[in-house]
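Q: I am new to this structure. Please take a close look at one helix and explain how it sits in the rest of the chain.

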Amino acid sequence: MKRLAVVGVGVLFVLAGGLIAGNIENPGFESGLEKWDVQGAPGAAFETLKEAASIGELGLRVKVISTPAAGMMTSSQLPVEPGKSYRLAYWFGGGGPTPAVASIEIVFFDEKGAALPAPQSPAGKKARTVATGSSSWAGYELAAIAPVGAKTAAVCIKPMNGQGGAVDFDDIRLEEMPAQSTGSTPPPLDSPRIQELKDEIQKNPTRGKQPPKVVIKLDDLKPAQGGGISPQWQRVVDYARAKNAKLSIGIIAQFMESGNAEFFKWVQDLNAAGSVEFWHHGWDHAAEGNLKEFSGQPYERQKDHMTRANALAKEKLGFVFTSFGAPFNATDASTVKVLSEDSDITVWIYGDPRNPAGKTVLPPSPVMIETRGRPDFEAFLEAYAHNRGIGSFAMQGHAGGWKDDAFDQFRAMVDFLQSQNAEFVFPRDFAGKD
Ligand SMILES: [Ca+2]
């Protein structure tokens with residue numbers, strides 16, 4: 001977001017290379033390590049690489065080359081005012097074949113340039129955390145309150161552990177905390193940031209890889225009051241069919257008991273037409289505090305819910321579900337046991353790749369339809385831009401609750417993905433392919 005920041009009285013910060021004020025210099029490593037102070041370690045601990053980039057041409061790779069890990073790098077300093085809150089937003093992941101861990105934090109300095117003790121943070125935020133290498137990229141945000149005596153702030157990154165491995169950082173932003181959005185207005189569909197991201201993607205759409213295979217994962221289908229189909233579900237299915245975009249929809253099985261003939265015919269027709277894969281989204285989707293239907297509940301109960309759902313599907317729909325996605329995406333060791341004994345299910349959506357229960361696991365996705373509980377095209381595009389080149393992802397939403405503006409956000413995502421030659425696929429299309 002381009003903006004001007006006025007700091008103090010009549011002092012206008014206009015940085016070179018655009019009007020992005022209130023950030024560190026070289027925040028995306030496009031000039032290598034320029035403006036970053038690398039201390040106390042062999043230079044090999046930090047390097048900028050094309051393959052470490054999530055935006056632009058270069059990103060930072062932090063390597064753990066010794067135990068204990070040595071080295072630290074510090075950004076340029078941003079002027080601050082004591083008492084004000086500052087946020088540090090960044091993207092991390094990558095790192096190559098061996099993921100390692102590095103810390104990242106906001107550090108404040110006094111007028112003599114000495115680092116001040118660890119700062120306080122606004123409620124719900126931290127001033128320091130650790131980042132781990134990964135096969136995808138994730139955005140994260142830290143925040144801290146400038147303490148008494150603070151004149152400047154900087155970003156500090158240190159290798160931590162995972163000898164021989166690495167973690168990548170890119171697209172760092174340190175700035176005064178913006179005013180909180182109230183969340184009542186729809187997210188924009190044409191913001192300056194959306195245009196920036198589209199331009200960025202246009203320069204290098206897939207980083208030399210194939211366009212992605214995308215699962216549209218819609219949760220929580222149940223019959224509407226009266227037993228039929230709600231207008232919200234009808235609209236999203238009509239739209240997807242017109243766009244020739246496959247959908248996958250999770251049914252909460254218990255509610256089929258109240259479905260009418262219209263509901264069952266709707267599901268059966270879409271299934272037969274190959275337009276929608278309907279999948280197992282639990283029996284009752286119930287939660288009691290930390291106890292979720294498939295997390296914290298006894299094995300016997302989970303087993304009953306797993307098998308009863310498919311028995312009812314077979315009775316009411318004439319087919320069984322072959323993909324499973326847990327309510328709340330919450331599962332435990334009992335779920336792994338139940339799934340490993342289940343011969344109907346072949347694909348586990350948002351499952352645990354380390355304990356796949358003999359299923360093909362679709363991992364949690366770095367790109368989502370809904371961010372903070374609602375469809376948000378800009379947030380989707382942000383995540384998509386940083387994760388270009390990812391082979392596939394399953395993006396989640398709850399279409400039964402979408403009002404008009406939420407539906408518009410979803411349509412923008414489908415249009416955009418089709419413009420990128422993405423292929424919409426079913427979860428079951430991945431069966432046996434891991
Ligand atoms: Ca970059």
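A: Here is the setting, followed by a close look at one helix.

The model is predicted. The protein chain has seven helices and 25 strands. Its C-alpha atoms fill a box of roughly 75 × 45 × 45 Å along the principal axes. A compact globule of 434 residues would have a radius of gyration near 22 Å, and the 24 Å of the protein chain agrees with that. Buried residues account for 49% of the 434. Among contacts between residues at least 6 apart in sequence, 77% join residues at least 24 apart.

Now to helix α2. The helix covers residues 231-242, twelve in number. From first C-alpha to last, α2 reaches 16 Å. That is close to the 16 Å expected at 1.5 Å a residue.

Five names matter for the inside: W233, V236, V237, Y239 and A240 are buried. Seen down the axis of α2, the buried residues fall within an arc of 160°, so they line one face of the helix. The general rule helps here. An α-helix has 3.6 residues a turn, so residues three or four places apart point the same way.

What does the buried face meet? The buried residues of α2 pack against two strands, β14 (213-221) and β15 (247-251). They also pack against two helices, α3 (261-273) and α7 (404-419).

The other side of α2 contrasts with this face. There, P231 and A242 are exposed.

Last comes the exit from the helix. N244 follows α2, and its phi is positive, near 60°.

Notes:
Residues numbered from 1 in each chain as written. Predicted model: local features only at pLDDT ≥ 70, side-chain atom pairs only at ≥ 80, totals over all residues. Heavy atoms only, no water. Helix = DSSP H or I, 4+ residues; strand = E, 2+ residues; numbered from the N terminus. Expected span 1.5 Å × (residues − 1). Buried < 20%, exposed > 50% of the residue type's maximum accessible area, 1.4 Å probe, protein only. Arc of directions from axis to C-beta. Contact = heavy atoms within 4.5 Å. Rg over C-alpha atoms; globule rule 2.2 N^0.38 Å.
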